[in-house]
Amino acid sequence: MSMQIIGTYAVAVCLLLGAGFALVGTIGLLKFNDSMTRLHAPTKVGTIGIGSFLLASMIHSYVFSEGSFHELLIMGFLFVTAPISANFIAKVNIHKRSCDTPPMPPRDDTWSTLNVPLADRALETKAQE
Amino acid sequence: MTRAFRWLFPHPLLTVLLAVIWMLLQNELSAGMVVFGIILGIVITKTTAVWWPERPGNIRVGRMVVYCLIVLWDIMVANVEVAWIVLTKPNSKLRPAWIVVPLDLVQPEAITVLAGTITLTPGTVSADLSDEGHSLLVHVLHTDDPDAVRDDIKHRYERRLKEIFV
């Protein structure tokens, strides 16, 4: 009996924590005024928000029924894919030049997003004119 | 013997990973599931080996586990830090910056792990790689000292990754 009470409270705390972090992530997304800084709030705060929700789901399933570890898989996929979507959005920002121009790399010619293949250079200058 | 092993397991770590994912998907840990997971791991790696001709280098699993724990801890700290910045810093006082991190790592797998780690940890997002792969472009949400952030990334994560991917 007492185990179930502890479980209920643990689930409630996890849900509240997750909801709080998700809320902060959304506030950050709305508050910042530049597309690159906006990227920071959802990528990090969102990850731990969803992490807490999944933890709550796991505790609930272990305390009240047979238990499941599907959530570990969701968390694993989330941690692997979140940086990639962030990277794609950042690349789009650089490509459209909708952010401050990044400093040039010290050893190489340019950043790979800004690098235009030789065959396409003529097309690009034509498009800029 | 080693040749037979290589023929059966072109990517041993991928086989293990696929078997673990299969067991997590089935949500049960029984002998039958382990065997079927390993069979799947072998069949999938064998049939897709054509597109993965190079074997990735060996990694030190023990150090990788330590690294994962450090990163998990950093993710939690990072979340609280970023949440604090979001709630308390007005936009006018925010100082975002670009940072260029010169890379000593050469393996693509190691650079991918480093870029992922940077995105998941304190106020930094990895944005781009230079065209020859010698430096990484990182965006920082708020910093007073960009050089300190760069040294922190190099010292805390890259040094450890160099020891993992030998």
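## The sheet of chain B

Within strand 3 (residues 135-140) of chain B, Ser135(B) is the bridge partner of Pro102(B), and further along, Val138(B) in that strand is the bridge partner of Ile99(B). In this predicted model, local features are described only where pLDDT is at least 70 and side-chain atom pairs only at pLDDT 80 or more, whereas totals for chains, interfaces and linings use all residues. Residues are numbered from 1 along each chain as its sequence is written, while chains are lettered from A and ligands numbered from 1 in the order in which they are written. Strands and helices are DSSP runs numbered from the N terminus, of at least two residues for a strand (E) and at least four for a helix (H or I), and two strands are said to pair if DSSP finds at least two bridges between them.

Strand 1 and strand 3 of chain B run antiparallel and are joined by 6 bridges, while strand 2 (residues 124-129) of chain B pairs with strand 3 of chain B, also in the antiparallel sense, over 5 bridges. Together, 3 strands of chain B make an open antiparallel sheet in the order 1-3-2, with strand 1 (97-102) and strand 2 as the edge strands, each pairing on one side only. From one strand to the next, the twist averages 30°.

## The hairpin and its surroundings

Leu129(B) stands opposite Leu136(B), which lies in strand 3 of chain B. In the hairpin of strand 2 and strand 3 of chain B there are 5 residues between the strands, and Gly133(B) takes a positive phi near 80°.

A residue is called buried if 20 or more other C-beta atoms, placed from the backbone, lie within 10 Å of its own, exposed if 12 or fewer do, and partly exposed in between. Strand 2 of chain B is largely enclosed by the rest of the structure, because 6 of its 6 residues are buried, and strand 3 of chain B is mostly covered, with 6 of its 6 residues buried. In a regular strand, side chains alternate between the two faces of the sheet. For strand 3 of chain B, both faces are covered, with Ser135(B), Leu137(B) and His139(B) buried on one side and Leu136(B), Val138(B) and Val140(B) buried on the other.

Helix 6 (residues 146-164) of chain B lies across strand 1, strand 2 and strand 3, running at about 40° to strand 1; such angles run from 0 to 180 degrees between N-to-C directions, and axes are lines fitted to C-alpha atoms, for helices over the stretch in contact.

## A loop residue and the domains of chain B

Lys89(B) is found in the loop between helix 4 (61-88) and strand 1 of chain B, and is partly exposed, with 15 other C-beta atoms within 10 Å. Apart from neighbours within four places in sequence, Lys89(B) is in contact (C-beta atoms, placed from the backbone, within 7 Å) with Leu94(B) and His142(B). Lys89(B) and His142(B) are 53 residues apart in sequence, and their C-alpha atoms are 9.5 Å apart in space.

The domain assignment of chain B, whose bounds come from an automatic or database source, gives domain 1 (2-51) and domain 2 (61-164). Taken over C-alpha atoms, the centres of domain 1 and domain 2 of chain B are separated by 32 Å.

## Where chain A meets chain B

In chain A, 43 residues are in contact with 36 residues of chain B. Helix 1 (2-31), helix 2 (35-64) and helix 3 (70-96) of chain A each supply at least two residues of the side that touches chain B, and the largest share of that side, 11 residues, comes from helix 3 of chain A. By class, this side of chain A has 23 nonpolar, 13 polar and 7 charged residues, where Ala, Val, Leu, Ile, Met, Phe, Trp, Tyr, Cys and Pro count as nonpolar, Asp, Glu, Lys and Arg as charged, and the others, Gly among them, as polar.

Helix 3 of chain A packs with helix 2 (residues 12-26) of chain B at an angle of about 130°, their axes being 7 Å apart. That makes helix 3 of chain A oblique to helix 2 of chain B, since angles under 35 degrees count as roughly parallel, over 145 as roughly antiparallel, 65 to 115 as roughly perpendicular and the rest as oblique. Here His70(A), Leu72(A) and Leu73(A) meet Ile21(B), Leu24(B) and Leu25(B), and the residues of this contact divide into 5 nonpolar, 1 polar and no charged.

How values were computed:
Contact = placed C-beta atoms within 7 Å.
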